[in-house]
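Q: I am new to this structure and would like a close look at one part of it. Could you start with the open sheet and then walk me outward from there?

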Amino acid sequence: MSVPSDQLATILPGQRPDGEEAALDETRIASRWSLVLRRFRRRRLAMAGLVVLVFLFLLAFVGPYLGQWTYTDHDFNAFLQGPSLDHWFGTTQTGGDVYALTLRGMQKSLVIGILVALISTGLAALVGSFAGYMGGWIDRSLMWFVDLMLVLPSFLIIAILSPTFRGKTWLVFVVLLAAFLWLVTARIVRGMTISLREREYVLAARYMGVPAHRIIFRHILPNISSLLIVDATINVSAAVISETGLSYFGFGVQPPDVSLGTLIADGTQSATTYPWLFGFAAGILVALVLAVNLVGDGLRDALDPTSGF
Amino acid sequence: MADPVLAVRGLTVTFPGSAGDVRAVRGIDYELQRGEVLGIVGESGSGKSASATAVTGLLPASAVVDGSIRLDGEELIGLDDARMAKVRGKRIAMVFQDPLSALTPVYTVGDQLSEAVRIHNDVSRQAARERSVELLKLVGIPHASERADAFPHEFSGGMRQRVMIAMAIANDPDVIIADEPTTALDVTIQAQVLEVLRTARELTGAAIVMITHDLSVIAGFADRVAVMYAGRIVETGTVDEVFYSPRMPYTMGLLGAIPRADESGDRPLVPIDGTPPSLVDLPAGCPFAARCPLAFDTCREVEPALIAVGSANHRSACHLAEKIEAGGWGPTDVFPLPDLPEAAAARVPRAERDVVLEAKDLVRHHPLLKGAVFKRQVGAVRAVDGISFDLRDGETLGLVGESGCGKTTTLLEVLELAAPQAGRIVVLGRDVSELGQSERRAMRRDVNIVFQDPMASLDPRMPVSDILAEPMRTHGMSGAKIQARIRELLRLVGLNPEHAGRYPQQFSGGQRQRVGIARALALEPELLVLDEPVSALDVSIQAGVINLLEELRARLGLSYLFVAHDLAVVRHIADRIAVMYLGKIVEIGEVTRVYESASHPYTQALLSAIPLPDPHKERARRRILLEGDLPSPADPPSGCRFRTRCPKFAGLDEDRRRRCLEEEPPLHGMDDDDHAAACHYAEALKVV
């Protein structure tokens with residue numbers, strides 16, 4: 001709101017030199033998304049976050065080809081060795097190469113973290129906003145379903161369901177994790193939607209004849225994007241961590257396969273004595289969460305014109 | 001002259017900020033005699049509230065206050081909070097703008113009043129309670145002893161403001177500071193509250209500082225006026241001096257910008273170009289220079305001092321004050337009057353023009369539901385209860401009434417373009433209940449809306465280009481066409497096409513409303529529905545938007561359905577007017593007929609409650625004050641709905657009253673065909 005009025009005062013009628021007009025018609029009027037993109041690019045920290053994120057993905061998926069070991073190999077000449085030229089991140093108790101293991105874990109965790117966050121926040125946004133905007137029986141039945149899911153102990157459900165999925169792709173696991181993360185957010189989104197629904201710009205769009213789904217995507221969701229972005233960034237780390245918990249109890253990612261979560265869980269006991277077992281995996285998790293946060297903050301500011309950039 | 005009760009000298013208020021210090025008040029002086037009313041007028045951001053808040057010592061701790069404020073000779077600046085608290089409420093009292101947030105919702109009104117009494121007086125609980133009931137009686141709250149036990153939310157806005165005034169006079173203050181005390185209220189309630197303030201002044205002999213943006217309110221109320229602009233007083237004098245011979249172009253602009261309820265709308269309003277300067281870094285010279293048509297080089301270099309012109313007490317801060325005085329210039333001499341085109345449709349007699357919108361016996365009831373699981377209907381709020389009107393090509397119909405009368409519901413009902421609960425809506429010759437899904441969508445091109453609050457009606461997350469493109473995209477226009485149309489629209493409403501890439505919050509209020517109008521015009525509609533389009537804007541900005549609306553109507557051949565509570569604005573812009581009360585139209589007709597010879601007692605009361613920016617007329621006027629508040633629309637009175645507040649009903653004998661009690665008066669034509677009133681005993685009366 002605190003826009004200095006010298007910026008805004010100068011465009012009233014009669015003050016515009018006429019020669020300017022013709023030239024103006026040539027310049028294209030920037031649309032919303034190109035403006036958002038431009039604003040995002042201007043945020044240095046966000047761009048740094050994006051670079052780190054791309055680097056992490058490259059490391060996870062290209063990195064394994066650079067090392068000479070795979071995550072299933074065991075080097076029987078090097079048990080619990082510190083980082084060396086041979087084993088860049090050191091080795092485990094059984095001679096596994098920590099570099100290869102960490103990268104393998106990253107592949108899983110990056111995908112789990114980001115997919116789970118996207119799916120759960122996306123689902124929350126969709127269900128919450130449709131329930132809130134449509135009201136009536138759509139709202140009641142959707143919220144009834146959400147309440148039901150909230151009451152069920154998610155851990156128990158995953159435990160019961162996981163034998164069914166044993167041996168199938170671990171991506172099923174992503175869906176399961178996401179299925180229990182979106183519920184509370186959906187309720188919050190619904191509440192915010194109900195208050196936004198009465199706003200005059202939503203009414204204006206309705207009276208223009210804009211269909212409901214387009215109002216939701218064009219007016220409602222952008223106006224709660226701050227909440228959604230914060231929620232998604234939190235969900236990335238939440239997904240990685242809760243995956244660890246589940247793996248520990250024998251669901252989720254199982255040995256010999258690894259994830260960042262299982263690596264961190266295994267390495268915690270020896271964090272002080274054999275720091276490489278713990279440090280690299282934990283460091284990468286921190287870098288991941290930080291990068292996602294920076295990108296999220298940048299996106300939030302780019303979408304919010306009041307942020308001043 | 002006697003010693004002033006309040007003397008302010010060289011008062012400055014600065015709010016330190018990260019972008020630079022905001023110099024809200026830049027050195028003002030005024031004196032207030034006992035029992036005198038000083039009106040401080042200014043637009044938002046002129047520093048009028050900050051200067052008054054400084055007097056009460058209620059500014060945030062970060063604000064830097066300098067200068068001198070003497071109350072009966074005692075310096076107030078520099079007093080610590082504990083000592084200031086002894087002054088506040090006891091010797092200086094305050095009435096705030098929003099009476100709902102000024103009262104604590106969890107305590108009864110009586111308790112809060114007793115608290116105000118007991119803080120400054122050592123009296124028993126019982127005595128304080130008696131005193132508060134007495135105070136409530138003073139400010140005209142009926143059944144005061146029972147109402148003292150009610151909570152603030154059980155009071156209407158006007159009643160709450162009365163409670164605030166009761167609290168202000170509880171300790172016989174020397175000075176009452178009223179900060180926009182009637183801004184949030186309807187005109188009839190505003191008239192009541194001003195009357196209560198007058199009574200309060202008579203009873204306590206207190207001097208009143210009345211802060212307002214509305215020149216009309218103080219015309220009949222204040223003794224002296226100070227006009228503030230950009231943190232300084234730019235003109236001060238007695239009410240008559242300032243209103244009849246303003247000597248500062250800004251005051252002139254303000255006076256010329258107000259639409260008047262006692263003048264027909266043929267005179268275009270005087271808009272002041274531009275917006276007030278930022279208080280963060282003010283340019284050198286006169287702060288008004290950028291908007292002033294008279295400005296010359298000296299104005300941009302030297303800030304004029306407040307010097308006497310004419311009489312000793314009439315002072316003006318303008319380099320040209322002497323010249324204006326000598327030439328006797330009025331607002332229209334200083335400000336160029338815009339040239340408004342005449343509508344082509346206006347030349348055709350009304351009866352021959354096409355009907356754009358017709359409502360027939362329109363009904364909208366909101367059901368009142370009870371029960372948690374199984375809801376059952378226990379009644380209905382009769383928001384709109386059978387109204388009929390028609391709107392013809394090129395015409396503006398003003399729909400007026402107090403809040404809660406159903407005018408906004410009517411408008412939303414029209415915009416739904418769906419079959420109403422009962423009655424008929426015909427838009428451009430098509431009954432909307434017969435429209436199919438796609439026809440209804442197509443019809444949305446022809447009917448569009450401009451909302452009241454330009455901040456809330458534009459999506460803050462969208463740049464202006466997307467806001468304007470939305471209706472066109474929805475109705476399938478191609479990208480290149482949209483681009484061209486956006487530029488055309490922005491130019492049409494007087495904005496620069498270069499700013500299409502800006503977000504709404506980068507514009508000022510008036511400019512935002514222009515964007516809202518441009519969006520409504522995007523699809524070249526026939527009918528524009530305007531929901532209080534200027535009530536959120538400052539006077540000088542409002543004039544520009546009203547002129548724009550009139551110009552667009554003439555140029556594009558639009559018809560307006562104009563909903564407003566400000567009857568002066570309606571008189572200016574509308575051709576016909578419909579007055580609503582509790583879901584019914586009580587009077588309808590050609591605008592000059594209704595204003596000149598109002599026939600329904602409610603219309604008469606409404607019109608007589610509008611303040612005029614004319615001190616002589618204001619003092620000579622007799623107001624028809626309405627008793628009490630609007631009855632609940634869920635349970636309207638039998639027969640004539642207005643009888644509970646009707647001044648005419650009160651004066652009738654038993655026999656004639658029975659008719660009002662039992663029979664609902666229909667709208668019947670007055671002496672000619674385009675004027676009808678719904679009163680059994682309608683009688684024309686000139687009130688403005």
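A: Four strands of chain B make up an open sheet, ordered β2-β1-β4-β5 and paired in the antiparallel sense. At its edges stand β2 (22-32) and β5 (74-75) of chain B, each with a single partner strand, so one side of each has no neighbour in the sheet. Strands here are DSSP runs of E with at least two residues, helices are runs of H or I with at least four, and both are numbered from the N terminus. Two strands count as paired if DSSP finds at least two bridges between them.

This is a predicted model, in which local features need pLDDT of at least 70 and side-chain atom pairs count only at pLDDT 80 or more, while totals for chains, interfaces and linings use all residues. Residues are numbered from 1 along each chain as its sequence is written, and chains are lettered from A and ligands numbered from 1 in the order in which they are written.

Back at the edge of the sheet, β4 (residues 64-71) of chain B joins β5(B) through two bridges, running antiparallel. Opposite Arg70(B) you will find Glu75(B), in β5(B). As general background, strands of a sheet pair through backbone hydrogen bonds, either parallel or antiparallel.

Now let us move along the chain to another set of strands. Strand β9 (residues 224-229) of chain B runs antiparallel to β10(B), and six bridges join them. One pair to look for is Met228(B) with its bridge partner Ile233(B), which lies in β10(B). These strands form a hairpin with two residues between them, where Ala230(B) takes a positive phi near 50°.

β10(B) is also joined to β12 (residues 315-316) of chain B, antiparallel, by two bridges. There, Glu235(B) has Ser316(B) in β12(B) as its bridge partner. Six of the seven residues of β10 (residues 232-238) of chain B are buried, so the strand is largely enclosed by the rest of the structure. Buried means that 20 or more other C-beta atoms lie within 10 Å of the residue's own, exposed means 12 or fewer, and partly exposed is in between, with C-beta atoms placed from the backbone.

For an exposed residue, try Phe296(B), with 11 other C-beta atoms within 10 Å. Phe296(B) sits in the loop between α11 (249-257) and α12 (297-301) of chain B.

Last comes a helix: α15 (residues 407-416) of chain B has seven of its ten residues buried, so it is largely enclosed by the rest of the structure. Among them are Leu411(B) and Val414(B).
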